[in-house]
Amino acid sequence: MRSYRDLFRTPEFTPLFLATAAQTVAQTASGLALGTLVYRSTGSPLLSAVSMFGPSLAQVLGATLLLSGADRLPPRGTLAGISLAFAALTALLALPGLPLGAVFAVVLVQGLVASLGGGVRWGLLNEILAKDEAKGGTNGGAKDEAKGGTNGGANGGYLLGRSVFNMMSGIMQITGYATGGALVAALSPRVSLLLAAVLYAVAAAGVRLGLSRRAPRSTGRPSVTATWRTNAVLWRDRPRRLTYLGLWLPNGLVVGCESLYVPYAPGAAGTLFACAALGMLAGDVTVGRLLPPAARRRAATPLLALLAAPYLLFALRPPVAVAACLVALASVGFGASLVQQERLMSLTPPGLSGHALGLHSAGMLTTQGVGAALAGTAAQLTSPAVAMTGTAAASAAVTLALAVATGVAPAEADRRGEPALR
C-alpha cells in the first residue's frame, strides 16, 4: 500500500470512507448548532462547551461497558445501527421546548453509542487494509505475531489509510462548520440539527449497501467482564500505556481550548472551527504523506508542543483574524496522533486491534470532554481567553512530562526484554 490511489482501489475502502465523511459533516454541523442553541438560551460558556463535547465526556462509560463489542460484533450491522441511532437522537435534540436536562440526557446517550463506533470503524479499516497488503505480500508482521510477537497489529496501509480519513475529517469539518454556521445564521440551530439527522441516515445507508457482511474479528459474546479484562491487558504494558496517555491528554486539553470558540467569538465561531480543521488537514498530509519514516518517528513530541503553543498567545486576546491564524497553526499538531497510532498498532496483537483502537478513540474523546468541561469552568470564572491560555499551558506541561517518561521507557524495556517505544 504505497499511494492514495491504491487505497481507493481497495475493496470496501471507498464505501467506508464516504459513509464516515457524511457522519463527520453531520457531527460537526449538529455540534455547532447545539452549542449555539444552548449558549443562546443560557448564556453559559460551560453549558455551551459541555453540550458540544458532552458525547465525548460520556465515552468513558462506553469504554468500560461496551468496548468488547468492537471485535466481537459484525462490523457492517454495528456501524449502520450506530448511524441510525445518531439520526434519531439528533432529530430529538431539534424538538422545540426540550428541557435542558433532557438535552444533556440525549448527549449522554450519544456518547455511549459513539464509544463503540470508533473501535468498530478503525478495527475494520485495519482489517480491510491488512487483507489488501497480505494479497500484495507486504505485510510480514502476521507471521511474527503467530510466533508470539507483538508487532503484528500494524500494517503498512493503516497509517496511510488513517491519514486519508483524518484529512477527510478536516475537510468535512470545514464543510460542516461552514455549512452549520451559515444555517444557524440564516435559518436556525434546529434546522441544522434536522439536516444533520438526515446525513446520519445517509451514512447508515452507505454502510449497509457498500460494505460486505463480515464475521467478528474475535469470538465470544460482548460483555462488561470481557471489556474490563481486555482493557487491563492493553493497559498493563508500560510502553502501550504511555502511548495511550500521549494520545489522550495533550489532545484533550487543546480541544478544551476549541470548546470556547463560541463564547470567545460568538459571531465567528464557525470560522475558527473551520481554520482548526484546515490546520489539522495540513498536519495529516505532512505526517501521512510527506515525512519519511525516520523523521515521522521523532515527530510526535514537537507536534504536540505545536498543538499547544499558539493558544498561549490568546492571553493577549487577539482579534478574530489573528486568532484564526493561531488556531490553524496549532491544529497542525494534531498530526501527532498518526505517529502515536502507528506506534500503538505496532504494540498490539491483531485480534485486539479493534478494541485497542476503540480504547484510544474512547479515551481521547473522553479527555476532550473533560478538557471542554475544565476549560468551560475556567471561562465561567475568568474569561474565555484566560481559560484557553491556561488549558494550553497545561497541555504543554503534560507533553513535556510524557516526553521525559517515554525517553526512560526503552532502557527499562530492554532490561526486562520487552518491546520498547522506539
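**Exercise 1. Ser383 and its partners**

Task: In this predicted model, find which backbone nitrogen the side chain of Ser383 reaches, and which side chain it makes a polar contact with.

Solution, step by step:
- Start with the backbone. The Ser383 side chain gets to the backbone nitrogen of Val386, at 3.3 Å.
- Now look for a side-chain partner. That's Arg317: its side chain and the side chain of Ser383 make a polar contact at 3.1 Å.
- Place the residue. Ser383 sits in the loop between helix 19 (353–381) and helix 20 (384–416).
- Widen the search to contacts, skipping neighbours within four places in sequence. You're left with Arg317 and Ala378 touching Ser383.

**Exercise 2. Buried or exposed?**

Task: Decide whether Ser383, Cys257 and Cys325 are buried or exposed.

Solution, step by step:
- The cut-offs you need are under 20% relative accessible area for buried and over 50% for exposed.
- Ser383 comes in at 14%, so it's buried.
- Cys257 has a relative accessible area of 0%, so it's buried too.
- Cys325 has 55%, so this cysteine is exposed.

**Exercise 3. Around Cys257**

Task: Say where Cys257 lies and which residues it touches, not counting those up to four places away in sequence.

Solution, step by step:
- Find the element first: Cys257 belongs to helix 12 (residues 238–258).
- List the contacts, leaving out residues up to four places away in sequence. Cys257 touches Tyr311, Met388, Thr391 and Ala392.
- Then check Ala49. Along the chain, Ala49 and Cys257 are 208 residues apart, yet their C-alpha atoms are separated by 9.8 Å.

**Exercise 4. Counting disulfides**

Task: Work out how many disulfides there are, and why Cys325 isn't in one.

Solution, step by step:
- Recall the chemistry: a disulfide is a covalent bond between the sulfur atoms of two cysteines.
- The cut-off here is a pair of cysteine sulfur atoms within 2.5 Å.
- For Cys325, the closest cysteine sulfur is in Cys275, 7.1 Å away, so it's too far for a bond.
- The count for the model is zero disulfides.

**Exercise 5. A nonpolar patch**

Task: Name the residues of the nonpolar surface patch of about 510 Å² and find which helix gives the largest share.

Solution, step by step:
- The patch is made by Val60, Leu61, Leu65, Leu108, Val224 and Trp228.
- Sort by element: helix 4 (59–65) and helix 11 (224–236) are the ones giving two or more residues.
- Helix 4 wins, with three residues as the largest share.
- Take Leu61, which lies in helix 4. Its relative accessible area is 39%, so Leu61 is partly exposed, and that's over the 30% needed for a patch residue.

Technical notes:
Residues numbered from 1 in each chain as written. Predicted model: local features only at pLDDT ≥ 70, side-chain atom pairs only at ≥ 80, totals over all residues. Heavy atoms only, no water. Patch = residues over 30% accessible without salt bridge, like charges linked within 9 Å, V, L, I, M, F, W, Y side chains within 5 Å. Areas by Shrake-Rupley, 256 points an atom, 1.4 Å probe, with all protein chains shown as cover. Salt bridge = Lys/Arg side-chain N within 4 Å of Asp/Glu carboxyl O. Buried < 20%, exposed > 50% of the residue type's maximum accessible area, 1.4 Å probe, protein only. Polar contact = N/O pair within 3.5 Å; in protein donor to acceptor, adjacent residues only side chain to side chain. Contact = heavy atoms within 4.5 Å.
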